[in-house]
Amino acid sequence: YSFVIGTGTQINDDMTYPAPYGNYFWGAKHQLLVHSDELAAAGATPGFLTSLAFEIGQIYTNEPLIDFTIKMKQTTATQLITGWDETELQQVYYSPSYFNSLGWNIHQFDTPFIWDGVSNILVDVCFNNSSWSSNQGTYFTPTTFSSVLHFAADADNVCSASGTATSSVNRPNMMFIGMEGEPQPPAPV
């Protein structure tokens with residue numbers, strides 16, 4: 001089954017962030033927060049998530065994103081204001097060279113992510129090129145809380161030594177895909 005978080009129809013331009021496919025600088029790191037009530041309202045049920053997608057409405061230039069990585073974790077955080085959360089992130093997706101396309105860009109997880117049905121989810125997206133071109137126009141939805149941290153720089157260590165995070169309410173729309181019929185994870189204690 002699949003469910004979408006965010007229905008906004010605005011897109012970022014070729015130079016603005018948040019932009020999970022944002023190559024206006026060499027590298028870009030984003031952390032996105034999704035509340036458990038948003039997940040439930042979208043139809044999510046506890047269990048295994050197997051894919052995550054972002055929807056592109058405009059391709060400005062299409063250079064590959066090098067070492068494109070998605071990590072996730074369950075969290076009690078309710079908003080993202082400062083500082084990165086780097087603890088206990090589970091890498092779920094990696095591509096050595098990812099090319100974008102118009103529409104939903106689906107990232108099939110290398111390792112499924114288990115959601116307990118009550119925790120919020122933090123999604124960490126990063127890549128690091130050795131040159132810049134421009135961002136892709138990704139659809140986003142303004143949230144009522146600080147739902148995004150982002151950082152971009154012309155450096156070769158953006159993912160490993162991220163600089164000062166900038167917060168935003170403009171969270172990229174996301175589509176999650178889960179496995180139906182799978183056993184639910186144990187209830188949190």
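Okay, a definition to start: when I say strand, I mean a DSSP run of E with at least two residues, and strands are numbered from the N terminus. With that in hand, here's one spot to look at: Ser146 sits in the loop between strand S9, 137-142, and strand S10, 148-153. I'll come back to that loop. And before anything else, please keep in mind that this is a predicted model.

So, the overall picture. What does the secondary structure come to? One helix and 13 strands. If you read along the sequence, you get three strands, then the helix, and then strands for the rest of the pattern: β-β-β-α-β-β-β-β-β-β-β-β-β-β. The radius of gyration is 15 Å, and the globule rule gives 16 Å for 189 residues, so the protein is as compact as a globular protein of that length. The C-alpha trace spans about 45 × 30 × 30 Å along its principal axes.

Now some numbers for the chain as a whole. Of the 189 residues, 49% count as buried. The protein exposes about 8,300 Å², and carbon and sulfur atoms supply 53% of that. For contacts between residues at least 6 apart in sequence, 85% join residues at least 24 apart. On charge, we have 4 positive and 17 negative, and the mean positions of those two sets are 7 Å apart.

Let's go inside. In soluble globular proteins, nonpolar side chains tend to be buried together. Here, the largest nonpolar core has 32 residues. Which residues have the most contacts inside that core? They are Leu39, Leu49, Phe68, Ile70, Met72, Val123 and Phe176. Take Leu39: setting aside neighbours within four places in sequence, Leu39 is in contact with Phe3, Ile5, Val34, Ala44, Trp115, Ser119, Ile121 and Phe176. Then there's a second, separate core of twelve residues, including Leu122, Phe145, Leu149 and Ala165.

Okay, back to Ser146, as promised. Is Ser146 buried or exposed? Its relative accessibility is 10%, so Ser146 counts as buried, the cut-off being under 20%. Beyond residues up to four places away in sequence, Ser146 touches two stretches: Gln79, Leu80 and Ile81, and then Ser167, Ser168 and Val169.

Another loop residue, Asn173. This one is in the loop between strand S12, 170-172, and strand S13, 174-178. Asn173 has a relative accessibility of 2%, so Asn173 counts as buried too. What does Asn173 touch, not counting residues up to four places away in sequence? From the early part of the list, Ile5, Gly6, Thr7 and Gly8, then Ala53, Phe54 and Glu55, then Trp104, and finally Tyr139, Phe140 and Thr141. Gln10 is 163 residues away from Asn173 along the chain, yet their C-alpha atoms are separated by 10.0 Å.

Over to strand S6, residues 90-98, which is where you'll find Gln91. Gln91 is partly exposed, with a relative accessible area of 41%. Leaving out residues up to four places away in sequence, Gln91 touches Thr69, Ile70, Lys71 and Thr111. Recall that Ile70 was on the list of residues with the most contacts in the largest core. Gln91 and Phe113 are 22 residues apart in sequence, and C-alpha to C-alpha they're 9.0 Å apart in space.

Last topic: backbone geometry. Where is the cis peptide bond I want to show you? It joins Tyr17 and Pro18, with omega about 5 degrees. Pro18 is in the loop between strand S2, 10-11, and strand S3, 27-34.

Then there are two positive phi values outside glycine. Asp67 has phi near 55 degrees. Asp67 is in strand S5, residues 65-75, and is partly exposed at 34% relative accessible area.

The other is Glu88, with a positive phi of about 55 degrees even though it isn't a glycine. Glu88 is in the loop between S5 and S6. How does Glu88 sit with respect to the surface, buried or exposed? Exposed, with a relative accessible area of 73%. Not counting residues up to four places away in sequence, Glu88 touches Met72 and Lys73. The C-alpha atoms of Glu88 and Lys71 are separated by 9.5 Å, with their positions 17 residues apart along the chain.

That's what I have; happy to go back to any of these.

Technical notes:
Residues numbered from 1 in each chain as written. Predicted model: local features only at pLDDT ≥ 70, side-chain atom pairs only at ≥ 80, totals over all residues. Heavy atoms only, no water. Helix = DSSP H or I, 4+ residues; strand = E, 2+ residues; numbered from the N terminus. Rg over C-alpha atoms; globule rule 2.2 N^0.38 Å. Buried < 20%, exposed > 50% of the residue type's maximum accessible area, 1.4 Å probe, protein only. Contact = heavy atoms within 4.5 Å. Areas by Shrake-Rupley, 256 points an atom, 1.4 Å probe, with all protein chains shown as cover. Lys, Arg positive; Asp, Glu negative; His and termini not counted. Charge placed at Lys NZ, Arg CZ, Asp CG, Glu CD. Core = buried A, V, L, I, M, F, W, Y, C linked by side-chain atoms within 4.5 Å.
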